[in-house]
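Please open the model in a viewer and keep the selection tool at hand. The tour below proceeds from one selection to the next.

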Amino acid sequence: MSRVSVRSLCRVSPAQVRPARYASTLTETPTTRQLKPTTTLPVTAPTKVTRRTATSLEIYDRRPKVVVVGSGWAGFTFLKKIDARIFDVTVVSPRSYFVFTPLLAGTAVGTLEFRTALENVRALRKSKFHECKVEKIDFIGRTVTCAPVIEAEGESFEIDYDYLVLAPGCYSNTFNIPGVKEHAHFLKDVKDAREIRRRILKCFEQAALPTVSDEERKQLLCFCVVGGGPTGVEFMAELHDLVQEDMSKLYPSLVQHVSYHLYDVAEKILAAFDQKLAAYATQKFARADIQIHTRLSPKEVTADELRFEKEAPRKYGLLVWSTGLMPSTIVSSITEIAKDKRTGGLLTNEYLQCRVAEGYSVDRDTYALRRDNTDKDSQVDTTQTGAPDSLTKPLTDARIKDIFMDGAMPNCFAIGDAGVMENATLPATAQVAAQKGQYLARAFNGAALGRTRIGTFAFKDRGIMAYIGSSGAIVQAGPSAISGFAAYLVWKFAYASMTVSIRNKLLVPIYWTLNKLFGRDINRF
């Protein structure tokens, strides 16, 4: 079927809304139009139209409704792979773009422009999109309550769903250390990278004033990073390159006052890497006068000082916090889904379906979520909430039926950092999140097309990389490990090719080349 516009869809008959290969599954009655039940595709009740005047397309569209919460690695990958001809997809996220996080460190120091790390969600043209935050999820009534986050805020509204995909991501973990939220910079979004760049340039400008003493210059040009993982290490490496290659030419008298300090609570930095690679990175940092402090954790952060229990306080000009993850607000507010005791994430089975929390269960006949130990009069009538009367089968094969009876929700999935798969230890990385999103989209598409056997999720480790400065990197893929300039070429090629749009595939190497020839953009605006 050729692609048609929304306007033309409103003029055609209801049977023409779906692709030709699904036309045989449609039945027409004077009042309703429904899908014939198959072994995998859910039977949905007529779409409920509330609080808005529906268009003709909304009235006739009977595709199963999929609501995706979040536009990060997991949510964006799921959206890329899901077949929008089969499912009616709605994305709800407080930001209208996807962030290619491996490039954030480069954007924070001007090596790349911010646009190269962004992909617009609407540009995929596969879903409805609402730039909103999720205030509440009603798992029994199957509705999501959203509140706009744009400047001209409007009233909250509800979205019905047949399937819910939770991918809101996580926040940086402050470990409840006083002052971190108020004074530290995080590196999770382009907004964070912009603020870090402004702060770096401001520190140099202030230090260049003739009224500033040498002691104050040392404080302003003391750059601290808490977190010895790939993000913290890459940012420190990018910052060192900025100072040595660009700032040294513009502020030659200030370079002698610059100092770098990297803190981590573990015994070594880059703990996820092979011991030899981590040692190589440590030696390279030592040669670059980047001081590494291990087995050390701050107890308090002030506007200009990092305080420890057993060490002297460190006065700083910039503090970047990049250690650990904590659940998002919406994940923390959910009580119907079981939580991982260590991370607070949503527990899922091997099919990425959420486990039901204590006090709730899944109905054996309808697979609907219900509260335990409640009177019959207090039960929610799902037919009044716009939810499906029943699901003929979940989006998996029959083997998973027994798992449902053990407490899994057939229509609710958690992917990315928000979900924790039980009986499996997976790193909280973009690689895992993207693979979960890809797996789930393929499961949806395959089940809707009648495939009766869908395997469980299995993570495929494709290796890890980190840039360590001065045209050097470390790359580990299984037993193979390389370091130095060769690894740096692999690192650059991998990230340039992994960017989503053709525009960014071109822009990233272009900006790398321009900045190598003419220097980084260090204008503060």
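Which side chains meet in a salt bridge at 3.6 Å, N to O? Select Arg-95 and Asp-189: their side chains form this pair. A salt bridge here is a side-chain nitrogen of Lys or Arg within 4 Å of a carboxyl oxygen of Asp or Glu.

Before continuing, note that this is a predicted model, in which local features need pLDDT of at least 70 and side-chain atom pairs count only at pLDDT 80 or more, while totals for chains, interfaces and linings use all residues. Residues are numbered from 1 along each chain as its sequence is written, and side-chain values use heavy atoms, with hydrogens and water left out.

**Stop 1: salt bridges**

The pair already selected links distant parts of the chain, 94 residues apart. Arg-95 lies in the loop between strand E4 (88–93) and strand E5 (97–99), and Asp-189 in the loop between helix H5 (180–183) and helix H6 (190–207). Helices (H or I, at least four residues) and strands (E, at least two) are DSSP runs, numbered from the N terminus. Asp-189 is buried at 12% relative accessibility, whereas Arg-95 is partly exposed at 21%. Buried means under 20% relative accessible area, exposed over 50%, and partly exposed in between (1.4 Å probe, protein chains only).

Next, select Arg-85 and Asp-83, a salt bridge whose closest N and O atoms are 3.0 Å apart. Arg-85 is partly exposed, at 44% relative accessibility; Asp-83 is buried, at 15%. The count of salt bridges comes to 14.

**Stop 2: the sheet E15-E16-E17**

Move to the open sheet of 3 strands ordered E15-E16-E17, where the pairing is antiparallel. Two strands pair if DSSP finds at least two bridges between them. Strand E15 (300–301) and strand E17 (314–315) each have a single partner strand, so one side of each is left without a neighbour in the sheet. Strand E16 (residues 305–307) pairs with E17 over 2 bridges, and Leu-306 has Arg-314 as its bridge partner in E17.

Now display the side chains of Arg-307 and Glu-300, which meet in a salt bridge (3.5 Å, N to O). Both residues are partly exposed, Arg-307 with a relative accessible area of 30% and Glu-300 with 29%. Add Glu-305 and Lys-315 to the selection: salt bridges that share partners join these two with Glu-300 and Arg-307 into one network.

**Stop 3: helix H12**

Select residues 430–448, helix H12. The 19 residues of H12 reach 27 Å from first C-alpha to last, close to the 27 Å expected at 1.5 Å a residue; the expected span is 1.5 Å times one less than the number of residues. How many residues of H12 are buried? The helix is mostly covered, with 16 of its 19 residues buried. Just after H12, Gly-450 takes a positive phi of about 100°.

**Stop 4: the sheet E26-E27-E28**

Finally, select the open sheet whose 3 strands run in the order E26-E27-E28 with antiparallel pairing. Its edge strands, E26 (464–467) and E28 (480–484), each pair on one side only. The twist averages 5° from one strand to the next. Strand E27 (residues 473–477) pairs with E28 over 5 bridges, and Ser-483 in E28 is the bridge partner of Ile-474.

Add residues 275–287: this is helix H9, which lies across E27 and E28 and runs at about 175° to E27. Axes are lines fitted to C-alpha atoms, for helices over the stretch in contact (heavy atoms within 4.5 Å), and angles run from 0 to 180 degrees between N-to-C directions.
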